[in-house]
Structures are given as C-alpha cells and as structure tokens.
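Me: Pick one helix here and give me a close look at it and its surroundings. I'd like to know what packs against it and what happens at its end. After that, tell me how the nonpolar interior is put together.

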Amino acid sequence: VLAIGEKGNLFNAPETYMSKIATGKIDKGLIDLDFSLEKNIKNLSEFKNKDISLLTVCILDRPRHKVIIDKLKDLNVNVKLITDGDVLGALYVSDPKYNVDMFMGIGGGPEGVLAACALDSYDCHFQGRFIFDNEKDIIEAKSIGITDLNKKYELKEIVKGDSLFCATGITSSEILKGIVIEGDKFISETLVTHKNTNFKKVVKSINSIN
C-alpha cells in the first residue's frame, strides 16, 4: 500500500495506534468518534433509511474490540470481522456493493492516514484519534509537532491537498484479487486513486517472474 501527497499534504503519523471510524458520504456531524456507539448506529440507520438489523459494521477481529463487537451484536447490527488489513476494512465503505455501512476500531496510525487518503477520493467520511498511552509514544508525537494528544482529526486535516493512493492485492478480497501465478508470469490487481482527477480504477498487471 502506498500513498503519495504533495509536500505537507499528508499527515505525518506517528507509529502508534489510532481510533478510527469511517462511512460512505454522509451529512456533516452525523457520525463522530465522540458519540456513543448506539448514537452513531441510530444516526446512520436514520440517514440511510435502513433498519439497524440491515446495517453492517466492519471491524478487526481483535481482543481489544470484544466490547464493541458484543455491543454491536446486542444492537442487532451485522458484524463483518476481518483478520488483518484495516486499510482494506476502511475501503469497504467506499462502495455500496461491498455492503459495509461503517468501519470502526483501533488500528495503526500510519494505516489510518493511508485509509483516509484513499477514502478522500471517494468523498467518504473518516475520523481518527491517535492513542498515546506510554511515554515513548508521547515523546515521538511531540517530536513531530503534535501538541494536542487528544485531538480528533477529520479527513481534510489528514489529507489537505492532492494525493495518489495505490494498493496491490496479495491475498484475495472483495476489492482486489490476490497474486495469481500462471507459468512464468504473475498477475496482480492494484487499486489506484488520484484525488484531483477523480481517478479510481483497479489496474490489472501481468509480469514475468524471471
């Protein structure tokens, strides 16, 4: 996965965890990291005119998410668990065909910036908040200019200008096919987005192994 921005346009993320939430295009202020899970689900249900039982939330299958997962099930929300790759999880909200209404949870900070870069091209909603729970992370944050350790970042604060995002599938998913080897060639699929030209396309490549 690669994201390239004009100088200063992509947020310089520290190597720490980030709490994230993402949806497709929604009204401003509808979904927020500071809202309760119940409020976010209720708001999204009303906005999409879908019963809560028809909503699907994607989240990494991790012990740290057990409380969230249990609450989602109590609310009768469909839960799509993924084993890894929270950039991919966030991308599921980019198109209704993936049947994911919201992505949420805690994952890597740099991966949050990558996800925001891709979702910006799809005009999606994304928020992130870094988690600084030890002295090492706090020192690193301050060294790159982060002074408000509890700040909630909107997508436009993470990606301020033009950007290019590329992600190649290694294993298969609903978005990209994984690497396929045929004889002396391998076939790959890469999602490429370019914000300023509104370019969004899966590019297929055939390359020689030798």
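Reply: Among the elements that cover the buried residues of α1 are β2, β3, α2 and β5, where a contact is a pair of heavy atoms within 4.5 Å. Keep in mind that this is a predicted model, in which local features need pLDDT of at least 70, side-chain atom pairs count only at pLDDT 80 or more, and totals for chains, interfaces and linings use all residues. Residues are numbered from 1 along each chain as its sequence is written, and side-chain values use heavy atoms, with hydrogens and water left out.

So let's stay with α1. The element names come from DSSP runs, numbered from the N terminus: H or I over at least four residues for a helix, E over at least two for a strand. α1 has 12 residues, running from 37 to 48. From its first C-alpha to its last, α1 reaches 17 Å, close to the 16 Å expected at 1.5 Å a residue; that expected span is 1.5 Å times one less than the number of residues.

Which residues of α1 are buried? They are Leu37, Asn40, Ile41, Asn43, Leu44 and Ser45. "Buried" here is under 20% relative accessible area, "exposed" is over 50% and "partly exposed" is in between, with a 1.4 Å probe and protein chains only.

Asn43 is a nice one to zoom in on, since this asparagine sits in α1 and still belongs to the buried set. Asn43 counts as buried because its relative accessibility is 15%. Setting aside neighbours within four places in sequence, Asn43 touches Leu30, Ile31 and Phe35. Hold on to Leu30, which comes up again further down as part of a core.

Another partner of α1 is Leu75, which sits in the loop between α2 and β4. Leu75 is 34 residues away from Ile41 along the chain, yet their C-alpha atoms are separated by 8.6 Å. Beyond the neighbours within four places in sequence, Leu75 is in contact with Leu37, Glu38, Ile41 and Ile52. Two of the residues just named, Leu37 and Ile41, are on the buried list of α1. Leu75 itself is called partly exposed because its relative accessible area is 25%.

Now for the backbone. α1 is followed by Asn49, which has a positive phi, near 55°. Asn76 also has a positive phi, near 70°, in a residue other than glycine, and you'll find Asn76 in the loop between α2 (66-74) and β4. Further along the chain, Asn99 has a positive phi of about 55° without being a glycine. Asn99 is in the loop between α3 and β5 (102-108), and with a relative accessible area of 46% Asn99 is classed as partly exposed. Then there's Asp123 after α4, again with a positive phi, near 60°.

That brings us to α4 and the interior. α4 is mostly covered, with 11 of its 13 residues buried. Here's the roster: Gly109, Gly112, Val113, Leu114, Ala115, Ala116, Cys117, Ala118, Leu119, Asp120 and Ser121.

In soluble globular proteins, nonpolar side chains tend to be buried together. A nonpolar core here is a set of buried Ala, Val, Leu, Ile, Met, Phe, Trp, Tyr and Cys residues joined through side-chain atoms within 4.5 Å. The largest one has 38 residues, and Leu91, Leu119, Phe126 and Phe165 have the most contacts inside it. At least two residues of this core come from each of β2 (17-23), β3 (56-60), α3, α4 (109-121), β6, α5 (135-143), α6 and β8. α4 gives the most, with 7 residues.

Phe126 shows how that core is knitted. Apart from neighbours within four places in sequence, Phe126 is in contact with Met18, Lys20, Ile21, Ala22, Gly112, Ala115, Ala116, Leu119, Tyr153, Glu154, Leu155 and Ile158. Several of those partners, including Gly112, Ala115, Ala116 and Leu119, are among the buried residues of α4.

And the second, separate core? It has 16 residues, among them Leu30, Ile59, Leu72 and Met102. That takes us back to our helix, since Leu30 is one of the contacts of Asn43.
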